[in-house]
Amino acid sequence: MSIACIAIIDSQDKLSFIDYYINNEDQVHFKFQTYTALQLISPALQKKLNGGTSTEPYLGVLYTIYLPNNDYDVHAYITITQLKMIIFIKQGTEKLNLLAIFEKIYGLYRASNFNPFHQINLNKLIRPMVVEFNGI
């Protein structure tokens, strides 16, 4: 399994969604690491903009978490509306098309939050996508 956790933080830096796709004691670390990653998104974005390389919303790997059981890379994505998404991916897994994953999650988030007439459980939308990407 490669995607271990997905977190979405709104423009006011409040955690609006987090879900875990592993069943072990590492889960408790992901919530704390989400706030750590949140502090690193702004400097990573400024570095990318100052370098003039791209305005792509995918920021890449922010850092790596070294836990006793597994190591995880922390990937970040920021939208034009300052919505931040963080994905924790187990190291040593095959390369995923993370830009496509982030864009699909953002589309699901928009579909679930911007329809005032229909309440959609975001977890029920994202979990099947993660299962598909993880190949379970």
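Where does S2 lie relative to β1? S2 sits in the segment before β1, a strand that covers residues 3-9. We'll come back to S2 in a close-up below. One thing to keep in mind for every view: this is a predicted model.

**Figure 1. The whole chain, built from 3 helices and 5 strands.** Let's get our bearings before zooming in. Follow the chain from start to end and you meet its elements in the order β-β-α-β-β-β-α-α. The C-alpha trace spans about 45 × 40 × 25 Å along its principal axes. For 136 residues, a compact globule would have a radius of gyration near 14 Å, and the chain has 15 Å, which agrees. Of the 136 residues, 43% are buried. Now take the contacts between residues at least 6 apart in sequence: 49% of these join residues at least 24 apart.

**Figure 2. The outside of the chain and its charges.** The accessible surface adds up to about 7700 Å². Carbon and sulfur atoms account for 52% of that surface. The chain carries 11 positive and 11 negative charges. Average the positions of each set, and the two mean points end up 5 Å apart.

**Figure 3. F30 and Y72, an edge-to-face aromatic pair.** How many aromatic pairs does the chain have? The count comes to 4 aromatic pairs. In the pair formed by F30 and Y72, the ring centres are 4.9 Å apart and the planes make an angle of 80°. That angle is over 60 degrees, so the pair counts as edge-to-face. F30 belongs to helix α1 (residues 27-51) and Y72 to strand β4 (residues 71-78), so the pair ties together parts that are 42 residues apart in sequence. Both F30 and Y72 are buried.

**Figure 4. F30 again, now with F88 as its partner in a tilted pair.** Here the ring centres of F30 and F88 are 4.8 Å apart, with 50° between the planes. This pair also links distant parts of the chain: F30 is in helix α1 and F88 is in strand β5 (residues 84-90), 58 residues apart. Are these two rings' residues buried or exposed? F30 has a relative accessible area of 0%, so it is buried. F88 is at 0% relative accessibility too, so F88 counts as buried. Put the pieces together and F30, Y72 and F88 make one aromatic cluster.

**Figure 5. S2 and the residues it touches.** Back to the segment before β1, where S2 lies. Its relative accessible area is 7%, which is under 20%, so S2 is buried. Leaving out residues up to four places away in sequence, S2 touches F88, I89, K90, T93, L96 and N134. You've already met F88 in the aromatic cluster with F30 and Y72.

**Figure 6. D13 and Q82, two residues with positive phi that are not glycine.** Why stop to look at a positive phi? Because most residues other than glycine have a negative phi. D13 has a phi of about 60°, and Q82 has one near 70°. Where do they sit? D13 is found in the loop between β1 and β2 (15-20), while Q82 is found in the loop between β4 and β5. D13 is at 38% relative accessibility, so D13 counts as partly exposed. Q82, with a relative accessible area of 36%, is also partly exposed.

**Figure 7. L83, a buried loop residue.** L83 lies in the loop between β4 and β5. At 5% relative accessibility, L83 counts as buried. Which residues does L83 contact, neighbours within four places in sequence aside? L83 is in contact with I8, I9, D10, Y77, I78, Y106 and Y109. Take I8 from that list: L83 and I8 are 75 residues apart along the chain, yet their C-alpha atoms are separated by 7.3 Å.

**Figure 8. N69, in the loop between β3 (58-66) and β4.** N69 has a relative accessible area of 40%, so it is partly exposed. Setting aside neighbours within four places in sequence, N69 is in contact with E25 and D26. What about Y35, which is 34 residues away along the chain? The C-alpha atoms of N69 and Y35 are separated by 21 Å.

Note on methods: Residues numbered from 1 in each chain as written. Predicted model: local features only at pLDDT ≥ 70, side-chain atom pairs only at ≥ 80, totals over all residues. Heavy atoms only, no water. Helix = DSSP H or I, 4+ residues; strand = E, 2+ residues; numbered from the N terminus. Rg over C-alpha atoms; globule rule 2.2 N^0.38 Å. Buried < 20%, exposed > 50% of the residue type's maximum accessible area, 1.4 Å probe, protein only. Contact = heavy atoms within 4.5 Å. Areas by Shrake-Rupley, 256 points an atom, 1.4 Å probe, with all protein chains shown as cover. Lys, Arg positive; Asp, Glu negative; His and termini not counted. Charge placed at Lys NZ, Arg CZ, Asp CG, Glu CD. Phe/Tyr/Trp six-rings, centres within 6.5 Å; stacked < 30°, edge-to-face > 60°.
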